[in-house]
Structure formats: C-alpha cells, structure tokens
Amino acid sequence: MDNESQYSGYSYKSSHSRSSRKHRDRRDRHRSKSRDSSSRGDKSVTIQTPGEPLLDAESTRGDDRDDNWGETTTVVTGTSEHSISNEDLTRVTKELEESTPLECKRFVGPALGGCLSFFALVTPLAFLILPQVLWRDALEPCGTPCEGLYVSLAFKLLVLLISSWALFLRPPRATLPRFFVFRCLLMVLVFLFVASYWLFYGVRVLEPRERDYRGIVEYAASLVDALLFIQYLALVLLEVRHLQPAFCLKVVRSTDGASKFYNVGHLSIQRAAVWVLDRYYNDFSVYNPALLNLPKSILSKKMTGFKVYSLDENTTNNSTGQSRAMIAAAARRRDNSHNEFYYEEAEMDRRVRKRKARLVVAVEEAFTHIKRLHEDEVASSPKHPKEVMDPREAAQAIFAPMARAMQKYLRTTRQQAFHSMESILTHLQFCITHNMTPKAFLERYLSPGPTMQYQQPNGRGRQWTLVSEEPVTSALRQGLVFSLRRLDFSLVVTVTPLPFLRLGEEFIDPKSHKFVMRLQSETSV
Amino acid sequence: MTSMPGQPVTAVVQRIEIQKLRQADNLILGFSIGGGIDQDPGQNPFSKDKTDKGIYVTRITPEGPAHEAGLRMGDKILQVNGWDMTMMTHDQARKRLTKKNEDVVRLLVTRKSLEEAVKQSMGSGPRQEHCGTPSNHKLMH
C-alpha cells in the first residue's frame with residue numbers, strides 16, 4: 001500500500017483513524033517537550049530506536065539531545081568521592097586497553113649497542129695491559145715516546161667516552177618496526193673492526209709474544225683513532241644527515257582534516273614517521289571524537305527514501321539503475337538540510353559564546369575572593385582573623401562558584417571527557433600558586449590544546465601502526481604516501497620534494513633612487 | 001576608444017576647421033589643450049578611459065575662433081592638419097597647433113555625444129550624410 005507509514009523522519013502521522021491520531025498527538029506533544037530544542041522547530045517527531053545504547057564510549061551523545069540534561073544528573077564534586085561518573089569509567093577502561101605491558105624488547109637494541117661500545121672501549125686498554133701481565137720481563141723497555149703515546153691514548157679515550165655518553169647514551173624514544181639501517185650498519189662495522197683488530201693482535205702479538213712494546217702501544221693508539229673516526233661516521237649518519245631539509249611532508253588527520261606541513265631531510269620512512277609523531281603531539285589539537293558529527297536531526301531527513309517499483313518484466317540489472325534513480329530523485333527533491341546545518345551551526349556558536357561569557361565572568365569573580373598573603377602581613381588584627389590556606393584549600397574554596405559555569409561550558413564544547421573535576425582543581429591550584437590571572441587559568445579550556453597536554457606520563461607509550469605500500473626502511477622520495485594508524489583515527493602523510501631554488505642577483509645602485517612629479521600641464525594655443 | 005598602442009582605433013569623428021585669429025604678434029586659436037604621452041593620464045577629467053594619453057581640449061575661450069568653429073570642451077583631438085595627435089607629447093602637440101606659417105587648422109575631433117548620435121540615427125532611419133555630420137573614420141597606428 002502506498003500510504004503505509006514509514007518509521008522515518010517524516011511521515012509518522014499516517015492516515016489512520018482520527019481518534020487515535022488525537023491521542024497520538026497528545027502523547028507526541030508530551031514527548032517532544034523532553035526532546036532538545038532543535039527538534040521543536042520540526043513538524044515531525046524523530047523516534048529513537050531503542051537498540052542504541054544510551055551512553056556510548058565517549059558518553060557525549062547524550063548531550064546532543066539536551067543541555068538541561070546535566071541539571072538533573074548528579075555532579076561529581078570534591079565531596080562525593082564514592083560515586084564515579086560514567087565518563088570516568090569509560091576513560092579508565094580505555095586507558096586499560098591502551099596500555100601494553102612494559103616491553104623488554106624496547107631495550108634490546110640499546111643494550112646490544114652498549115655492550116659493543118664497552119667492548120670497543122676496553123680493547124685498547126686490554127691491548128696495553130695483556131703484554132705487561134703475561135710476559136713483562138721479555139718486553140723491551142720503552143721510554144719517552146711510549147709515555148707520549150700513553151698521554152695521547154688517554155685523552156683520546158676520554159674524548160671517545162664523553163662523546164659516546166653525549167650522543168648515544170639516551171633512552172630510546174621509539175621502537176621501529178624494522179631495523180634501523182644506519183644503526184645496524186654502524187654496530188656491524190664496529191664489531192667487525194674490533195674483531196679484526198683482536199684477530200690480528202691474537203695472531204701477531206699474543207702468540208709469538210712480541211717484544212716490541214712500542215709497536216703494541218702504537219697499534220692500540222691506531223685502534224682508538226679508528227674508533228674516533230667511526231664515531232664521526234655515526235654522528236654524520238645518525239644525527240647530521242637528516243638535518244638539511246629536502247622534503248615537505250603534509251600530515252592530515254583522517255577524521256577532522258587538521259593538517260600541517262613539515263620540512264624534513266633525508267630519512268627512511270620509519271624514521272620520518274617517528275619524526276612526524278614527535279611533532280604531532282605538539283602541533284595538532286587533541287582529537288575530539290564528539291565534535292565530528294552533523295546533528296542527527298539533519299542527517300535523518302535524508303533517510304526517507306523512495307520506493308522504486310520496476311514495471312519491466314526483466315529484473316536482471318535493475319539494482320544499479322534503482323539506486324541511481326533513487327539518488328537522482330533525492331537530489332532533485334528540494335533539499336533544505338544545508339539551511340538547517342547553517343542555522344544549527346549559528347545557534348551552536350551563539351550558545352558557546354554565551355556559555356563562555358558566563359564562565360569568564362564566574363572565574364573572574366572567583367579569583368577576586370583570594371589574595372596572596374605576603375610575609376609581612378602575617379600579623380593580623382584579632383578582630384579580623386584571616387584563615388591562612390595552602391593552595392589546595394584555596395583552590396577548593398573558590399572552585400565552588402565557578403564549577404557550574406565550567407561544567408556547562410565544557411559540555412557545550414564537548415570537552416568534558418578531557419577534564420575531570422580533579423584535573424580542574426589541580427590546574428586551579430597550579431594557577432593560584434604561580435600568580436596567574438583568570439585568563440591564564442582559562443586558556444587551557446577555551447581552546448583545545450595540543451595532544452601533549454592531555455597525556456598522562458606512563459611508561460607504557462603509545463601504540464601507532466605504520467601503514468605503507470613501500471618497505472619502511474626505504475628512503476623518502478617524491479609521491480610517497482604512508483599513514484600512521486591509531487585505534488580510531490589515522491594520519492595520512494604525503495611526501496613532496498622541496499623545490500630547487502635558483503637565486504639570482506640584482507644590484508641596485510643606492511644613487512639610482514630618483515623620482516619626478518607627475519605632469520599634468522595645460523597650455524593654451 | 002580604449003585601445004592599446006599598436007591596435008587600430010575606431011572613432012566617430014567630426015571635422016572642425018578653425019581660422020586662426022591674429023592678436024598682436026600671435027596667432028591664437030582660443031582653446032587650451034591637456035594630455036600627452038608624457039603626462040599623467042589619470043588626472044584627465046574628460047577621458048573615458050583613464051589610461052588614455054591623448055590630447056584633450058580643456059578650456060575654450062567663449063566667442064573665440066575655436067568655439068565658433070564648433071570645438072567643445074572635452075573633445076579629444078585625433079588629427080591636426082593630417083598629423084596624428086594620439087601619440088604625441090604635450091609639447092609636440094602644442095607645436096603642431098601653433099605653427100606660425102599656418103592660418104588654418106583642420107582638426108579631427110571626437111566626443112562621447114557623437115557616438116550616441118550615430119547610434120540613434122542608425123537605429124532610426126537610413127543614414128544621412130552631409131557636411132558637418134559625424135562620419136566614421138578609421139585610424140591606423
């Protein structure tokens with residue numbers, strides 16, 4: 001039947017009997033009062049299918065409906081510490097599933113490198129000491145030149161030690177999916193080097209018990225020189241080569257389109273990924289999944305479809321034809337959803353600004369209740385005893401008047417998942433301690449800060465997946481695209497080379513700056 | 001008449017013949033000119049296109065020879081005695097107009113009202129041609 005009612009945005013009131021419609025209208029009116037203000041403008045009633053959970057993972061969907069919803073729920077303040085709101089629960093579960101067990105794999109590489117370098121540093125000393133220990137009597141005495149060599153050896157070893165400490169003895173910042181090619185290369189080189197030196201030493205010095213001690217000392221000195229050169233090579237390969245910018249990376253977040261451009265040097269894909277992630281935590285505003293959706297009242301209107309009946313006999317290839325016809329029909333229909341989106345967005349802006357104004361005023365007022373006690377003001381008159389508080393108590397004292405405005409503002413801007421009451425109190429205490437103004441206190445909440453601001457420092461680290469069509473140890477080149485995926489969003493990185501600059505020169509004589517007045521003469525003839 | 005140098009200019013022109021008047025030792029025509037390729041075209045109040053560097057009539061002495069011959073303020077002078085005036089410096093133009101051995105100057109001038117008059121007359125009836133009516137003239141550069 002054509003006039004069958006469809007459970008969609010529009011035709012809920014179908015052509016049933018009039019009396020039942022009256023009852024339905026009355027019920028609808030009651031029901032619509034409890035819905036949010038945005039649907040009051042509609043003539044239809046949107047029915048929430050009961051299959052959807054009331055509060056999803058971010059517990060923000062509930063605020064789509066009604067700002068007054070927060071009024072009737074219990075608020076977690078400092079006093080009621082036994083109840084835990086749903087937001088805290090979801091956050092805790094998310095943290096639990098995010099944290100992986102502390103991986104010992106992280107430290108294998110550096111441990112190996114450390115052993116190798118220790119071995120390499122001890123080798124020259126071993127070269128010097130072994131002959132003395134084993135066949136001291138047979139050694140030729142070696143006077144001043146040897147002592148000179150000792151001094152130079154000592155200083156070179158010292159320099160090697162200090163520079164190794166400065167450059168390489170750092171906790172690793174990331175675990176890469178494949179081997180770090182340069183580091184592996186260098187470790188292999190050092191190992192081969194030292195091993196070959198030991199081989200030579202063992203065959204030529206230890207076995208025949210070489211008596212020329214000066215030669216041995218020179219041999220040890222040459223090893224130290226070679227180690228210094230390898231360290232120079234390591235410095236250039238690991239630290240210096242990628243400093244000169246060669247490529248421009250465009251990083252786009254897949255969910256909300258936040259993008260940035262970075263200049264990097266010659267790196268492999270995995271190293272470039274680590275580089276990008278370092279900057280991601282500082283430059284990109286925090287990912288807020290609650291900010292992404294168009295309001296449901298707009299999207300649901302699109303779902304009323306046409307039922308397409310095919311009158312032809314053959315129904316073989318009509319599926320694409322049908323869908324295309326439906327899309328075309330939907331496009332031809334007068335579509336006002338852009339209008340509603342515009343007004344909805346304007347309304348949202350207005351609401352946010354109103355809440356922000358209330359919040360700013362409340363915070364300013366709250367801050368006027370407190371002032372810092374200087375040391376010379378300790379002596380107070382007995383008529384006006386001043387209660388001296390530490391920062392935590394002061395924060396708690398002035399938090400109460402601004403809590404409500406703060407909570408409403410956070411709910412309107414969908415930020416309440418990022419700031420718990422406890423964190424707000426801690427921040428307030430921090431601001432009071434450092435003599436910050438209310439505006440400085442509010443800067444954390446008025447704009448979504450970088451992701452770094454919301455990280456809890458735990459030793460577990462963040463799990464990112466590098467998705468790439470090329471092997472990740474290959475170098476960056478033009479047109480490469482890879483993405484860094486996390487659980488709910490990903491960063492897509494595109495590589496373009498920086499343009500080659502042809503700089504020309506033009507010399508301007510400082511005396512060549514001359515000017516004339518513009519002419520407009522009139523002559524009579 | 002907006003044109004780039006090197007492009008042909010099409011204009012509706014009027015032929016004006018001015019007899020010079022002898023006053024003391026000078027032969028005067030009774031009008032003032034402004035403009036020229038060495039002048040600032042943006043300050044010309046009469047030109048339609050503010051990049052036009054042509055020679056324009058800026059003032060006319062009432063009851064002077066130019067006024068009697070039919071010259072009006074705001075006219076652009078395109079030719080003087082056959083010499084082209086559209087690419088002249090101000091001084092060259094002045095010299096061409098004040099040659100001491102010439103008693104008569106024959107100008108080709110154009111003004112806005114001529115174009116409109118031609119359009120009206122072309123729209124209404126067959127073209128009428130007699131002395132003094134504006135005629136189309138094509139100038140090549």
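A contact here means heavy atoms within 4.5 Å of each other. By that criterion, residues 24 or more positions apart account for 68% of the contacts in chain B with a separation of 6 or more, and for 73% of the corresponding contacts in chain A. The structure is a predicted model, in which local features need pLDDT of at least 70 and side-chain atom pairs count only at pLDDT 80 or more, while totals for chains, interfaces and linings use all residues. Residues are numbered from 1 along each chain as its sequence is written, chains are lettered from A and ligands numbered from 1 in the order in which they are written, and side-chain values use heavy atoms, with hydrogens and water left out.

Turning to the two chains, the secondary structure of chain A comes to 15 helices and six strands, and that of chain B to three helices and nine strands. Helices (H or I, at least four residues) and strands (E, at least two) are DSSP runs numbered from the N terminus. Along chain B the elements follow the order β-β-β-β-β-α-β-β-α-β-α-β, starting at the N terminus. Of the 525 residues in chain A, 28% are buried; of the 141 residues in chain B, 40% are buried. Buried stands for under 20% relative accessible area, exposed for over 50%, and partly exposed for what lies in between (1.4 Å probe, protein chains only). Chain A exposes about 35,800 Å², with carbon and sulfur atoms supplying 59% of it, and chain B has an accessible surface of about 8,300 Å², 51% of which belongs to carbon and sulfur atoms. These areas come from the Shrake-Rupley method with a 1.4 Å probe, and for residues only the protein chains shown count as cover.

An unreviewed UniProt entry lists residues 107-129, 149-168, 180-200 and 220-240 of chain A as "transmembrane region". UniProt positions are given in the numbering used here, feature names are shortened, and annotations may be inferred rather than shown by experiment. In the model, residues 180-200 of chain A are 95% helix and 0% strand, and their end C-alpha atoms lie 30 Å apart. Residues 220-240 of chain A are 100% helix and 0% strand, with 29 Å between the end C-alpha atoms.

Helix H6 of chain A (residues 144-168) deserves a closer look. H6(A) has 25 residues and reaches 35 Å from its first C-alpha to its last, close to the 36 Å expected at 1.5 Å a residue; the expected span is 1.5 Å times one less than the number of residues. Its buried residues are A:Cys146, A:Leu149, A:Leu153, A:Leu157, A:Leu160, A:Ser163, A:Ser164 and A:Leu167. What covers them includes helix H5 (108-135) and helix H8 (213-240) of chain A. A:Leu161, also in H6(A), is partly exposed at a relative accessible area of 46%. A:Leu161 joins A:Val151, A:Phe155, A:Leu158, A:Ile162, A:Trp165 and A:Leu169 in a nonpolar surface patch of about 770 Å². Patches are made of residues with over 30% relative accessible area and no salt bridge; like charges are joined within 9 Å, and nonpolar side chains (Val, Leu, Ile, Met, Phe, Trp, Tyr) within 5 Å.

Helix H5 of chain A holds A:Gly109, which is partly exposed at 37% relative accessibility. A:Gly109 and A:Phe179 are 70 residues apart in sequence, with 9.6 Å between their C-alpha atoms.

Salt bridges, defined as a side-chain nitrogen of Lys or Arg within 4 Å of a carboxyl oxygen of Asp or Glu, number 13 over all chains. One of them joins the side chains of A:Asp225 and A:Lys156, at 2.6 Å from N to O. This pair links distant parts of the chain, 69 residues apart, with A:Asp225 in helix H8 and A:Lys156 in helix H6 of chain A. A:Asp225 is partly exposed at 26% relative accessibility, and A:Lys156 is partly exposed at 25%.

Other bridges lie within a helix. A:Arg214 forms a salt bridge with A:Glu218, their closest N and O atoms being 3.5 Å apart; the two are separated by about one turn of helix H8 of chain A because they are four residues apart in it. In chain B, the side chains of B:Asp91 and B:Lys95 meet in a salt bridge of 3.8 Å, N to O. These residues are four apart in helix H2 (residues 90-97) of chain B, so about one helical turn separates them. B:Asp91, B:Arg94 and B:Lys95 are linked in a network of salt bridges.
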